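Reader: Hello! Could you walk me through this one, starting with the overall surface and then taking a close look at a single part?

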Amino acid sequence: MTPSLEADLRDALSGEVRFSDGDRALYAADASNYREVPRGVVLPRTTEEIVAAVEVCARHGATVLHRGGGTSVAGQTVSKDSVVIDSSKYCHRILSIDPQARLAVVEPGVVLDDLRNAAGQYGLTFGPDPETHSHNTLGGMLGNNSCGIHSLTARRTVDNVRSLDILTYDGIRLAVGRTSESALAILEERPGREGDIYRGLRLLRDSYAADIRARYPKIPRRVSGYNLDELLPENGFDVARALVGSEGTCVTILNATLELVEDPPCKLLLVIGFDSPFAAADAVPDILPWRKKGLIALEGMDDELTGYMRKKDFRVEDLQYLPNGKAWLLAQFGADTMETAKVCAQELSRSLKKHPHVSDMQLHIDRAECEALWKVREAALASTAWVPGVRDTWPGWEDSAVAPENLGAYMRDLKALMTQHGFSGAMFGHFGDGLIHVRVDFGLHTIQDVTQFRIFMEAAAALVVRHGGTLSGEHGDGRARAELLPVMYGERLIKAFADFKRLWDPSGKMNPGKIVAPQKLDQDLRYGPEFQQKKPHYHTLLKFPDSENSFGRAVMRCVGVGECRRHEGGTMCPSYRGTREEKYSTRGRARLLQEMLEGDPVRDGFGSAAVYDALDLCLSCKACKTECPVSVDMATYRAEFLHHYYRSHARPLSSFGMGLVHVWAPITANLPWLMNAITQTPGLSTIARITAGVHPKRSLPRLAHRPFRQDWSGSRQHRPVRALLWVDTFNNHFTPEPLHAAAQVLERSGHEVVLSPHGLCCGRPFYDFGRLDAAKRYLLHCLDGLTPLLDARTWLVGIEPSCLSVFRDELLSLFPHDERAKRLAERALTLGQFLHLHGHAPIRLGRDVAIHGHCHSKSLLGTEADLAVLKMSGRKAAVLDDGCCGMAGAFGYEKAKYDISEAIARQGVVPHIEKTPDNTILVADGFSCRHQIAHFTDRETLTLPELLRQAMQ
């Protein structure tokens with residue numbers, strides 16, 4: 001039997017080799033419009049294994065696609081029937097940093113921010129910084145020739161490369177870089193392929209030098225095509241830089257030596273409001289001379305973008321820092337001292353005061369305000385996707401660039417062209433470099449949409465060339481624009497591109513169909529007419545009101561920008577952070593759900609094992625609903641999927657143990673000693689854990705001697721405001737003290753307290769195990785029992801965040817049109833929110849406070865009110881940016897999930913708590929969070945009501 005490609009790869013690598021339908025589906029798309037199902041996926045553990053993987057592929061004649069963060073907007077990282085080599089999981093070492101020489105050597109899977117953080121210790125940084133800096137890889141940046149916000153000073157990736165260690169498809173390894181004429185002569189004499197390559201490169205340069213000088217636009221942001229200009233004598237015959245931006249079509253990059261630059265320690269923002277985006281563009285040439293005085297970035301955006309953000313209710317609070325205007329320039333100054341930067345910014349401000357189209361200006365020195373404004377700008381690409389009331393917007397013409405002095409004229413003509421074709425879109429981008437991003441409402445779902453898309457793209461290409469510009473100024477050509485390269489370069493240089501690729505890749509096996517011999521720009525559209533015809537309609541219990549009540553529309557929300565793949569900051573996505581595994585990212589899960597709708601290669605619908613495997617490790621933290629720029633709500637999609645999946649599959653043991661705690665805890669409440677004897681006694685507890693599917697290292701929770709309900713004596717008098725205290729299963733039966741404390745705090749603050757009716761439960765665990773029918777019944781009981789009590793003076797007050805979030809989130813997904821549900825959601829408050837709204841007794845704290853926020857608090861409920869109440873004491877209070885604790889209800893108890901639960905905890909919560917001073921009070925309201933913290937640290941925690949009770953005494 002002839003060995004298969006998959007078998008040979010497994011023999012050659014210790015890394016992961018994946019050829020299953022689910023893995024192929026996972027890599028079928030990126031952040032672009034395109035979908036191409038690969039042949040298989042390889043995750044090598046070392047760069048030597050990358051070499052081995054390419055060698056095996058070459059032996060079998062298989063095409064190869066290299067992929068890092070998978071954030072390509074132009075479609076470079078999709079390739080039909082290719083073997084995808086993903087370096088991001090393992091090949092992410094920073095091999096060295098030389099601060100004196102200002103050089104760093106990195107593997108291709110290194111995330112940009114990881115390099116920036118490492119270099120920052122020496123006051124250095126890698127200059128190019130795309131919006132995806134928290135999760136893109138340097139291999140991808142080298143492939144695309146990425147740029148970013150600070151390209152005014154840092155320029156493009158190509159301008160920051162010293163040398164590359166590369167591999168050709170046929171196995172030649174070379175160290176390439178700048179090459180003198182004498183060195184080139186020696187290299188040309190080398191035997192075999194190496195000499196052939198260098199002789200061919202010299203011939204190509206000499207043959208096409210005049211064409212390159214004539215046709216390559218002299219602008220800051222030319223990225224389209226190959227960098228043949230780097231081979232010119234005046235550019236030092238730099239072979240490494242010639243290969244940057246080649247989109248993986250020529251060679252494999254094994255490591256790169258990159259140049260670092262100084263990072264000014266002090267930065268501020270001057271934000272300038274204009275009466276139109278065109279006027280803002282016209283002002284750019286007048287502002288650029290301030291580069292000599294510390295101007296390091298000049299970004300622009302229009303009010304259509306901010307309008308989209310308001311429609312989506314996304315980062316609206318950050319828009320308060322924008323001055324009046326219909327468009328804005330964000331001018332960032334950097335210097336060794338803040339005073340120097342401030343003086344230069346004020347000088348620019350004074351010079352613009354008489355500008356006829358300047359509406360207003362604001363100088364921001366505060367770091368938090370500056371970060372908020374940058375987050376508005378960085379989130380712009382995703383902010384323009386899936387906007388309510390707007391036809392679906394897509395990339396395609398999102399990346400054109402001209403000379404800065406031509407920007408205003410080009411933008412006017414581009415806007416007119418869009419209007420002529422019936423299109424619209426917000427304009428934003430790197431105005432200082434003459435680059436415009438615009439995500440156009442192409443639709444792309446019907447044949448007519450696609451026809452108009454092609455007509456517009458051809459017209460836009462001709463337009464930008466007339467303005468002396470480039471099809472792509474940052475994202476590369478990929479599938480989106482390579483077909484249009486002849487418009488920009490002419491047929492002779494297109495032949496030069498083919499010659500260049502042929503020198504490196506004679507058999508044409510490296511990422512075919514990109515740059516050279518490109519595929520059609522209107523084919524293989526992932527949500528095009530063919531997908532719309534195949535997409536099945538599923539009857540769902542959850543209604544997805546934010547996605548036209550369509551499960552299909554909901555799972556399509558993910559556009560692939562990969563914010564869920566970041567490694568620090570925020571909460572999303574804990575299971576990805578614990579594994580660095582694409583299928584456990586929010587994006588990976590969304591991709592598999594999309595492929596489930598496609599029906600090939602994921603063919604089993606709601607019975608798909610691949611989709612189940614990806615969703616099984618989702619902690620339902622809900623962070624993606626608020627941290628994802630397009631509000632992908634994976635916890636809700638997961639609940640709906642599991643609801644269908646378990647109709648034909650057996651449920652895990654944990655769904656009957658911890659998953660039904662709200663059923664068995666009340667039953668055992670009268671015999672807590674018996675239940676505790678079973679769960680706490682050695683031997684018996686082992687049997688109990690095995691029966692419930694709990695990991696042996698986990699201690700089972702101990703039932704309280706008496707539930708809260710049995711001990712509470714009731715409120716003593718009628719008050720103007722009444723708190724309907726939600727008695728949740730967890731605190732009532734296991735840790736009643738937080739409920740006692742909450743009742744006492746509310747009464748001491750002058751409020752009447754009543755308890756939620758006996759027998760009501762939100763059914764939180766039902767969502768985690770897909771029991772949506774039962775969840776719906778429980779919530780109907782809640783509506784029937786709570787609605788009569790929620791009069792004008794009564795608010796529902798919850799302690800356990802995971803329960804309270806049901807009333808804010810799942811309730812509205814199940815009953816989007818029920819006015820009772822809307823009222824309950826509006827009147828359900830955390831204790832901090834209730835006290836902040838209605839007043840509280842004076843508090844006195846002797847120590848500072850650090851809050852570990854439950855994921856649902858950070859994503860849905862908010863922690864601002866808790867901080868406001870605590871800060872009334874005059875002490876410092878802050879919410880730790882420590883991510884998810886990794887417990888998530890039953891998740892951390894399950895035997896199969898203990899390791900990932902521990903990995904998540906040790907990445908965020910544990911080190912943050914260990915760094916917290918011993919005299920700082922730790923607060924954690926979540927029942928699961930407290931259990932996890934106690935399990936992995938020796939620090940004690942209090943709930944907010946317990947702390948406030950102490951502070952009121």
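How much area does the protein chain expose, and what share of it do carbon and sulfur atoms supply? After that, I would love a close look at the open sheet of three strands.

Author: Happy to help! This is a predicted model, in which local features need pLDDT of at least 70 and side-chain atom pairs 80 or more, while totals for chains, interfaces and linings use all residues. Residues are numbered from 1 along each chain as its sequence is written, and side-chain values use heavy atoms, without hydrogens or water.

The protein chain exposes about 34300 Å² (Shrake-Rupley, 1.4 Å probe), and carbon and sulfur atoms supply 51% of that area. Its C-alpha trace spans about 95 × 80 × 60 Å along the principal axes. The chain holds 44 helices and 24 strands (DSSP runs of H or I, at least four residues, and of E, at least two).

Now for your sheet. Its strands lie in the order E23-E22-E24, with parallel pairing (at least two DSSP bridges between two strands). At the edges are E23 (877-879) and E24 (921-923), each pairing on one side only. From one strand to the next, the twist averages 20° (between N-to-C directions of lines fitted to C-alpha atoms, on a scale of 0 to 180 degrees). Three bridges join E22 (residues 849-851) to E23 in the parallel sense, and Ile851 has Val879 in E23 as its bridge partner. Helix H40 (residues 864-871) packs on this sheet and touches E22 and E23 (heavy atoms within 4.5 Å). The direction of H40 makes about 165° with that of E23.
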